Amino acid sequence: EDEEEAGDSDDAVLQCLLHALQATNGTDHEIFYDLGARAHGLGEVSKALQLYESAYALNPLDTQLLGNMGVAQLELGNLRAALRCYRAALRVDAHNMSARYHCGELLLELGRLRALAALLDEAPTDVMSQPEMQQLAHAVSQPTERGGGTSSEDRHI
């Protein structure tokens, strides 16, 4: 019974969002964002990305949106696009810990240690004081623990 009520509630929220989208003639980026987040939560990543892109067209300065777009791109295997989203969020807000961390994690995974070091060097002090960022900084200072080397450093993603 609770599942049925939750499903009815989800349907009602979706209907409300679709009605709001129609009422605003598609000019409210937050509605596209909310629809995208809902699709993303349901595992419909491609659909979520389409909705996020519609929101982005209306407000390219929404850092939370850019971060979600990065996550969706990453889930779809679009590593370059994910990095572009995270970096765009950081251009808007250098203090965006989430975007900096996700960007750093991806750079670390790709073995792009110099790019990661630069990302960390330009981070504001308050961001670098966070434990997650300290872990990334430690990873840069210990490159041999991850198989080391810089063979992929010159590759641009």
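Which residue's side chain does a polar contact join to that of His40? Keep that in mind as we look around; the model you have open is predicted.

**Start with the whole chain.** Colour by secondary structure and you will see nine helices and zero strands. Following the sequence, the pattern reads α-α-α-α-α-α-α-α-α. Of the protein's 157 residues, 37% count as buried. Among contacts between residues at least 6 apart in sequence, 49% link residues at least 24 apart.

**Now select His40.** You will find His40 in helix α2, which spans residues 29-41. His40 has a relative accessible area of 15%, so it counts as buried, the cut-off being under 20%. Show side chains and add Glu75: here is the partner we were after, with a polar contact of 2.9 Å between the side chains of His40 and Glu75. To fill in the surroundings, select Val45, Ala48, Tyr52, Asn68, Val71 and Ala72 as well; His40 touches each of these, along with Glu75, leaving aside residues up to four places away in sequence.

**Next, move to helices α6 and α7.** Select residues 97-109 for α6 and 113-121 for α7; their axes come within 8 Å and cross at roughly 160°. Because of that angle, α6 is roughly antiparallel to α7. The crossing of α6 past α7 is left-handed. To view the contact itself, show Arg100, Cys103, Gly104, Leu107 and Leu108 on α6, then Leu113, Ala115, Leu116 and Leu119 on α7. Colour these residues by type and the α6 contact with α7 divides into seven nonpolar, one polar and one charged.

Technical notes. Residues are numbered from 1 along each chain as its sequence is written. This is a predicted model: local features need pLDDT of at least 70, side-chain atom pairs count only at pLDDT 80 or more; totals for chains, interfaces and linings use all residues. Side-chain values use heavy atoms; hydrogens and water are left out. Helices (H or I, at least four residues) and strands (E, at least two) are DSSP runs, numbered from the N terminus. Buried means under 20% relative accessible area, exposed over 50%, partly exposed in between (1.4 Å probe, protein chains only). A polar contact is a pair of N or O atoms within 3.5 Å; within protein, one must be able to donate a hydrogen and the other to accept it, and residues adjacent in sequence count only if both atoms are side-chain atoms. Contact means heavy atoms within 4.5 Å. Axes are lines fitted to C-alpha atoms, for helices over the stretch in contact, and angles run from 0 to 180 degrees between N-to-C directions. Angles under 35 degrees count as roughly parallel, over 145 as roughly antiparallel, 65 to 115 as roughly perpendicular and the rest as oblique. A crossing is left-handed if the near helix is turned anticlockwise from the far one by less than a right angle, and right-handed if clockwise. Ala, Val, Leu, Ile, Met, Phe, Trp, Tyr, Cys and Pro count as nonpolar, Asp, Glu, Lys and Arg as charged, and the others, Gly among them, as polar.
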